[in-house]
Amino acid sequence: MAEEPNSLMSALASQICNQISSVFTAPTSKPPAMIVLVEEIAAAASRNGKVFVYGVGREGLMLKALSMRLFHLGLATHCIFDMTTPPISSPDLLIASAGPGGFSTVDAICGVAKSNGARVLLLTALGTVFSLISKARVMGWGGVGWGGKEH
């Protein structure tokens, strides 16, 4: 009788793992966010554009780390609000992150970048932040690239 709870727990754990797996392996017409990110960075580099990053909290720290790695690869990268950050313009790319939703600073920075002709890549966990979506030209959330991609 002691084995019944273990087998029940095992069956539930297996079911949970299968459901999680199905989310990540479900076919989609959208490219993975990582592919979109790499393509956009490569395109900015080929245009001799600069890559700008901005994020809130831990996401901001990770984007700063990404900026440093891109700099080590020879790309011109800048963190928004640093003292030496130049103006953003049309050949440039802004990578912004707003994981939990709308932040007025992220919205404003994306708006400035877009109005100056830069491409905007927005990484977010939510696809319903309409004020931010209107600013982005390329988006990704939940590990999946999302529409609005202009080429």
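**Exercise 1. Determine whether Arg119 is buried or exposed, and identify the residue with which its side chain forms a salt bridge.**

Step 1. Arg119 has a relative accessible area of 12%. Buried means under 20% relative accessible area, exposed means over 50%, and partly exposed lies in between (1.4 Å probe, protein chains only). Arg119 is therefore buried.

Step 2. This is a predicted model, in which local features need pLDDT of at least 70 and side-chain atom pairs count only at pLDDT 80 or more, while totals for chains, interfaces and linings use all residues. Residues are numbered from 1 along each chain as its sequence is written, and side-chain values use heavy atoms, with hydrogens and water left out.

Step 3. A salt bridge is a side-chain nitrogen of Lys or Arg within 4 Å of a carboxyl oxygen of Asp or Glu. The side chain of Arg119 meets that of Glu40 in such a bridge, at 2.7 Å from N to O.

Step 4. Helices (H or I, at least four residues) and strands (E, at least two) are DSSP runs, numbered from the N terminus. Because Arg119 lies in strand 4 and Glu40 in helix 2 (residues 33–46), the pair ties together parts that are 79 residues apart in sequence. Glu40 is also buried, with a relative accessible area of 2%.

**Exercise 2. State how many salt bridges the structure holds, and describe the one formed by Lys50.**

Step 1. The structure holds two salt bridges.

Step 2. Lys50 pairs with Asp92, and their closest N and O atoms are 3.6 Å apart.

Step 3. Lys50 belongs to the loop between helix 2 and strand 1, and Asp92 to the loop between strand 2 and strand 3, so this pair ties together parts that are 42 residues apart in sequence.

Step 4. Asp92 counts as buried, at 0% relative accessibility.

**Exercise 3. Describe the burial and pairing of strand 1 and strand 4.**

Step 1. Five of the five residues of strand 1 are buried. Val51, Val53 and Gly55 point one way, whereas Phe52 and Tyr54 point the other way. In a regular strand the side chains alternate between the two faces of the sheet.

Step 2. Two strands pair if DSSP finds at least two bridges between them. Strand 1 runs parallel to strand 2 (residues 77–79), joined by three bridges, and Val53 stands opposite Cys79.

Step 3. Strand 4 is largely enclosed by the rest of the structure, because four of its five residues are buried. Strand 4 pairs with strand 3 in the parallel sense over five bridges, with Leu94 opposite Val120.

**Exercise 4. Identify the elements that contribute to the largest nonpolar core.**

Step 1. A nonpolar core is a set of buried Ala, Val, Leu, Ile, Met, Phe, Trp, Tyr and Cys residues joined through side-chain atoms within 4.5 Å. The largest has 14 residues, and those with the most contacts inside it include Ile80, Leu94, Val106 and Cys110.

Step 2. Two or more residues come from each of strand 1 (51–55), strand 3 (93–97), helix 4 (104–115) and strand 4 (119–123). Helix 4 gives the largest share, four residues.

Step 3. A second, separate core has 13 residues, among them Ala44, Leu93, Ile95 and Leu121.

Step 4. Helix 4 itself has twelve residues, of which Val106, Asp107, Ile109, Cys110, Gly111 and Ala113 are buried. Gly117, with a positive phi near 90°, follows helix 4.

**Exercise 5. Locate Asn48 and Phe81, and give the sign of phi for each.**

Step 1. Asn48 is in the loop between helix 2 and strand 1. Its phi is positive, near 60°, and Asn48 is exposed, with a relative accessible area of 71%.

Step 2. Phe81 is in the loop between strand 2 and strand 3. Its phi is also positive, about 80°, and Phe81 is exposed, with a relative accessible area of 62%.

Step 3. Most residues other than glycine have a negative phi.

**Exercise 6. State how many helices and strands the protein chain has, and what share of its residues is buried.**

Step 1. The protein chain has five helices and six strands.

Step 2. Along the sequence they follow the pattern α-α-β-α-β-β-α-β-α-β-β.

Step 3. Of the 151 residues in the protein chain, 35% are buried.

Terms used:
Expected span 1.5 Å × (residues − 1).
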